[in-house]
Amino acid sequence: MSLPLVHLLEDDEESGTLLAQSLAQRGYEALWTPRVRDLAIDPERSNVIVLDLAMPEIDGFGAIDLIARQKGVSRLIIASGQQPRIINAAVLTAQTAGLTVVGTLQKPYTARSLVELLETRFSPFEDSQRHGEEWVRKRLAEGSLADRT
């Protein structure tokens, strides 16, 4: 399983840039945009959107409606400094619109907490009985593949 493309819908440029850089350091591709209408979903990839509910051009509920209409989007992380009841209402709205809410973050949040949430939800499953292509090549080169069961 490859890591999802992370879209950061955040109106604060400094926060958006810092979050995108932090995610890149952990191997995620992240795109920051301050406007919902500029969201560039890649239909060929797994996408997850981190939505700040307090966007300047449209409120979080309107943003959820627009996001739900986009092809290729099904997963959302809601990040907000709003009261828990507002966040809960946003989660319910997103779920009703057909989106999967994979988590919420209370603002202000750290890049580390976002990375931890993503790693909890999207880290690749490691099967100890399966080995990657690199492992197989190494074993073929050393002639030990036949000795393994």
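Reader: What follows helix 3, and what is the sign of its phi?

Author: Helix 3 is followed by Gly98, whose phi is positive, near 95°; helices here are DSSP runs of H or I with at least four residues, strands are E runs of at least two, and both are numbered from the N terminus. This is a predicted model, in which local features need pLDDT of at least 70, side-chain atom pairs count only at pLDDT 80 or more, and totals for chains, interfaces and linings use all residues. Residues are numbered from 1 along each chain as its sequence is written, and side-chain values use heavy atoms, with hydrogens and water left out.

Reader: Which residues of helix 3 are buried?

Author: They are Ile87, Ala90, Val91 and Ala94, where buried means under 20% relative accessible area, exposed over 50% and partly exposed in between, with a 1.4 Å probe and protein chains only. These cover an arc of only 100° around the axis, which puts them on the same side of helix 3, the arc being that of the directions from the helix axis to the C-beta atoms.

Reader: And which ones are exposed on the other side?

Author: Arg85, Asn88, Leu92 and Thr96 are exposed there.

Reader: Switching to strand 3, why is it largely enclosed?

Author: Six of the six residues of strand 3 (residues 47-52) are buried, so the rest of the structure largely encloses it. Asn47, Ile49 and Leu51 cover one side, with Val48, Val50 and Asp52 on the other.

Reader: Which residue of strand 4 stands opposite Val48?

Author: Arg75 in strand 4 stands opposite Val48, and strand 3 pairs with strand 4 (residues 75-80) in the parallel sense over five bridges, pairing requiring at least two DSSP bridges between two strands.
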